[in-house]
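Grab a coffee and work through a few exercises on the structure below. Each one has a task, then a solution that goes step by step.

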Amino acid sequence: MRERRVRQVALVAVGLWLVLVARLFQLQVVEHERWLEEARRTRIAGHAIPFRRGRILDRDGEVLAEDRLVHHLALHYRSFRRDHPAGQAFELLRLLGVDAGGIPGAFARGEELAPLWLGLRPVDLAALPTRERSDAVFYLARLAGGSVDGAAVRAWMASGTTRFGVAFPEAEPHFREALGRARKAWAELAAALGTEGEALAELVERERSRMDALVERRALQQAASRVLGRPVSEILREAAAPAGAAGAATLAALEERWRLGLPAEELAAALRGGGSTPPRAILAAVEQRRPEDVRGLRRAIAYDLHRSRQPVLLRDLGFAAVDLLVQRPGDFPGLVVQAVTERAHPSGVAPHLVGRVRVPTAEDLARWEAERREYRELARLLVRTAEQEARYRELKERVLSEALRPDEARGASGIELRYESVLRGRRGFVEILETGDDERRELAFLPAQDGRDVVLTLDASLTRAAEEAIARAWADVRADPDPEWGPEVLAALERPRCGFALLDLRDGSTPVLATTPGYRPEDFRRDFERLVSDPDRPLRQRALGGNPTAVQTPYPGSTFKPFVAAAALLRDPAAWERTYVCTGSWAPPDAPPGVRPLQCDSRWGHGRIGMAEALTRSCNAYFYQLAVDLGYEPFHELARRVGFGAATGIEVAPWRLDERGVPVPRDRYGLEGGANLLFPPERVAGDVATLMRTAIGQVGVQASPLALARAYGWLATGRLWTPRLVAVGHGASPPVPPLDPPPLPAAVREHLRSALHDVVASPIGTAHDRRWPLEPWRVAAKTGTAQVGGGLTHAWLAGWFPDDEPRYAFAVLCENAGVHGGQLAAVVLHHFLETSGEELLDGKP
Amino acid sequence: MIAELADLLHPPTAWRRLRRALGSSCWEVLPLAAFVVLIGIVLQWSVAGAGPLPRGHLVRVLAAALVAAFAASRPPRTWSRLAPALWVGVLVLLVLVLVVGREVNGARRWLFLPGGVSLQPSEFLKPVLILLWARGFAERPRPRRLADLARPAAALGLGFVLVLVEPDLGTALSLLPLFLGMVWLAGAPRRVVRILLLAPLVLAPLAWPLLHGYQRERIQTWWQQDALTPEQRAAEGYHLWHAKLAVGSGGWEGMGWGRGPENRLDRLPERTNDFVFPVLAEEGGFRVAVPFLTAYLLLGLALLRRSARHRDPFVRLALAGCGLYFLVHLVVNVGVTLGVLPTTGLPLPLVSLGGSSMVAAGWVLGLAWSLAGVRAAPLSSRAFEED
């Protein structure tokens, strides 16, 4: 053993170490770029996994709203024109300048038109521009089919003068056969769709010509861009203001080059898509004067559009059609099945309440992104000023709760919006590592979490019955009109406008919240213009008193009188016996000059009348006098304590139109939060006329049907129920103002019950009608006719049933009907009880 | 008292004492080993996600330090005396592995002890063989003929076969250069060593059919590593390709700690153990990898250098064996990851996550400390007589 040997070992070690370092140098320094390039081929692809939004169910589990996979039939025109015989023939003839009558023409008369291309000689094609010629070669080869390819067709073109059909004798039989097969397949598909093959061809033609028009417009825009050497977006911005300096200069520059002789506004309109001169005509003119400005544009744009667009031809295909398309794709070139998740409303009831969802628009996303950026900036600050803090809190809530995704529907109104956090699931994601070596590995996976269901206390079948009862009642009343009704009343009765609220007095649930007219949430976006301009205001949530553009509930009219009576009775039970004289109108004897007597319904007066009869016959004069004797304070106090002027707290979010006319959520809670109105005492103090009119519910107090039903529930039972719409699916509780209803002595209750029972049962009662009786269900109710500034009156009926053992409180509002409550609202209730009374009362009327 | 203190603090005296203290131990090993261990911790931290500290690794480092301290506290003759018993013990464990060891990735290498501790006996075979060979060569005259190597070769052979059938080709093969180095340092004649060097080349064709299919594939892949198809990169060439990808893409600067894609995306196989060096090369780049390799080399060389200055043949050989232990691992482990050697699994002691490897390396360091601390006066270089 010697030191030299150790040194030798050390030398070997150092030598090997040098080899390692040299190799390291080679890999890390010499070959670094190459390896870095390799490393860059690795990508991480993230895919979101969509969740299923929770359903909205009625109390029996009937589905009011759910996510449903629907299949649309879409057109992929590129495949259609390349692979469908009708598409091939149409496009070829178009290149030759022949109008085949669109796709339907080529489809139906293909054989008739065939000689046009079978008889082509090479010289006919030689006239075409190069690109168009090569397109024609392509289509000819496709039409000839079989073994004929582009090279063969080009050889024919070079060969001489033989007609195409002679050079390729197999072309005609092949085309006939292909077209026949396509017709047969389309007939099958059309049968599965419940339509005709020609109708399908029409649909294809519709989308094709739409795309054609788009091609022309874009070609014009790009020609302008080419001439001016500026981006299209800039030119369009200027064309939006043709009168502005920049716009005028741009349009003048185009005019100078093209010499179109068009007014600047016309050209601007054509560029933007509109106006009376079609872009096609302008392009044709440009093509004559400056062919280089438009050369190749149309073809390139069409190529792009045909490839990238898939317009929908038919929505929501049935199983048979989808099956056919998926099983035999080869028979339907160009027809594509698109699978889309849509919010479906199978029951179709209470659309206002259930609400809508919407996919965020590009503007929504841009706004959200901007807000998120601002929020992050603010979140980074350690110390915030008061304004910054307020803004930070506001943004935080909005940004975090919204988290918009372009393909994710969000609640936009109703329960869909209010219960967004419950209904919305959590989207999952999968992260996949992709390398150039076709290696695909899952890096992370988070399963999607479906949203939870929301169960309402609403009963879909009862609400549907109510909606039907409303329609039938309006029709019946119109069919058997009162001779006094003028033509405007008859016209108004043509289209029902009704709100109907039914409150269960055992648990505060709301089995019926019906609103007519309704709308289809699915079609909301499409029908938006019509919905907001419709004079019947189908977007108005009448059962809750909501209005899409201004929250306003109607006056309760005479349905308010029982509360004035109750206030008087609570103060002095002897008031029941007190009588007043009705002469048809009344003004306080000590009224200051200028206060005119107010009218009663009965022109000749009811004579001396007590409280019971005053309620039964709805005598205004009685209540004017009672109110003046009583003063405003007592019945204001009572009305306030039974919920007039307060939200019902129903858990539905309303919405409003923003400055661009787009519906956006208004706030998070109660729909009629500020809608139910009650004048404070100071508003009425010293104003006798207002006091009197408030007592008959014509001013100073406003209520939704639901708010009125709640108050009548107190009259019926002495207990005030907070309406409950949502049974399962709790989010934050809506702010319900604490109400403190006064005790209702049994004697007072009995007085009112008997009086309101007589409204229905007694021949003098305002809701008594032998044709449409309400007695079988022992209804106790009060009619009302609410005046509307500048319109026909609203008809009301509010009450409860059965009168002596109250189970349900209700209110029916018929808007702008121009008739009395007893004439219409009572009929609605009758029709409803006729179909659903037994079910509601467990079979015992 | 004060005088003593003053004496202690008197610069020339203090310096002399320090030099004496340092001279009697392999002190330079400590900072080098500490540097390597520190790099290892940083690497394992990055591999674990660059978040919380890699506590498992720190526990293993602590265990290795305790083992090292224990080993350093025992005198060399204890280790010399214990060597045969330790060897038998490790052989028993190796047999036990084959009997009761659980199969992981097609190999039985680990004994799973209660408490979640797993033991890889083959890692302890190396230090044990170093001790046994050192003792064997020290007790007998210098080997002159091939026959003189029969006993150490038998000691090697038994362990080699047991490790080979696990199978753990990497560990088994790493025993051969260790043996060769020990034989050379024991003073075997060149002729003998030449035979030992040539024998594997002759035996290789014979051993080829005995190799497992995947082992042959790996060697073939290694041989044509610059012409791998995408399929090969995804299959048998996966280890090699990704190791080189990590190293190569790291470049001069490196991707930054915790930011190497191959590491972060878990594309480097075995990146806690056998392929830990590419993580360093990827994230630290050439400018960190080279100092690390240098420190590792110096660690081995320092032990070799120390060994040359001891008179006791056992101490000399055992100390040199400790140096060889680190050098062999360095060359094989890093060589594999750089594609210089065919792919085979061998951890990098003091850096890899494996507990057995870490503890065994700690033991080797402790042994070295114990051996270098022998109170025998260091010899001058003239004390070595020429052959």
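## Exercise 1: a salt bridge within a helix

A:Arg393 has a relative accessible area of 56%, so it counts as exposed (buried is under 20%, exposed over 50%, partly exposed in between, with a 1.4 Å probe and protein chains only). Before going on, note that this is a predicted model: local features need pLDDT of at least 70, side-chain atom pairs count only at pLDDT 80 or more, and totals for chains, interfaces and linings use all residues. Residues are numbered from 1 along each chain as its sequence is written, chains are lettered from A and ligands numbered from 1 in the order in which they are written, and side-chain values use heavy atoms, with hydrogens and water left out.

Task: find the salt-bridge partner of A:Arg393 and work out how the two are placed along the chain.

Solution.
- Step 1. The partner is A:Glu389, at 3.1 Å from N to O. A salt bridge here is a side-chain nitrogen of Lys or Arg within 4 Å of a carboxyl oxygen of Asp or Glu.
- Step 2. Both residues sit in helix H22 (residues 386–402) of chain A, four residues apart, so about one helical turn separates them. Helices (H or I, at least four residues) and strands (E, at least two) are DSSP runs, numbered from the N terminus.
- Step 3. A:Glu389 is partly exposed, at 22% relative accessible area.

## Exercise 2: salt bridges across the sequence

Task: which parts of chain A does the pair A:Arg52 and A:Asp450 tie together?

Solution.
- Step 1. Check the pair: the closest N and O atoms of A:Arg52 and A:Asp450 are 3.8 Å apart, and they form a salt bridge.
- Step 2. A:Arg52 is in the loop between strand S1 (43–49) and strand S2 (56–57), and A:Asp450 is in the loop between strand S9 (440–446) and strand S10 (454–456), so the pair ties together parts of chain A that are 398 residues apart in sequence.
- Step 3. Look at accessibility: A:Arg52 is partly exposed at 30%, and A:Asp450 is partly exposed at 43%.

Task: now do the same for A:Glu216 and A:Arg280.

Solution.
- Step 1. Their side chains meet in a salt bridge at 3.6 Å, N to O.
- Step 2. This pair links distant parts of the chain, with A:Glu216 in helix H12 (residues 197–228) and A:Arg280 in helix H16 (residues 279–289) of chain A, 64 residues apart.
- Step 3. A:Glu216 is buried at 6%, while A:Arg280 is partly exposed at 45%.

## Exercise 3: what surrounds a buried Phe

Task: describe the surroundings of A:Phe107.

Solution.
- Step 1. A:Phe107 lies in helix H5 (residues 102–108) of chain A.
- Step 2. Its relative accessibility is 4%, so it counts as buried.
- Step 3. Leaving aside neighbours within four places in sequence, A:Phe107 has contacts (heavy atoms within 4.5 Å) that include A:His84, A:Leu179, A:Arg183 and A:Trp186.
- Step 4. Take A:Arg183: it is 76 residues from A:Phe107 in sequence, yet the C-alpha atoms are 7.8 Å apart.

## Exercise 4: the interface of the two chains

Task: how much area do chain B and chain A bury, and which residues take part?

Solution.
- Step 1. Count residues: 56 come from chain B and 37 from chain A.
- Step 2. Together the chains bury about 4,100 Å², 67% of it on carbon and sulfur atoms. Buried area is the accessible area (1.4 Å probe) that two parts lose on being put together, summed over both.
- Step 3. Between chain B and chain A there are zero salt bridges.
- Step 4. The side of chain B that touches chain A divides into 33 nonpolar, 13 polar and 10 charged residues. Here Ala, Val, Leu, Ile, Met, Phe, Trp, Tyr, Cys and Pro count as nonpolar, Asp, Glu, Lys and Arg as charged, and the others, Gly among them, as polar.

## Exercise 5: cis peptide bonds

Task: where are A:Pro517 and B:Pro167 placed?

Solution.
- Step 1. The peptide bond from A:Thr516 to A:Pro517 is cis, with omega near -5 degrees. A:Pro517 is in the loop between strand S12 (512–516) and helix H27 (528–533) of chain A.
- Step 2. In chain B, a cis peptide bond joins B:Glu166 and B:Pro167, with omega about -5 degrees. B:Pro167 is in the loop between helix H7 (150–164) and H8 of chain B.
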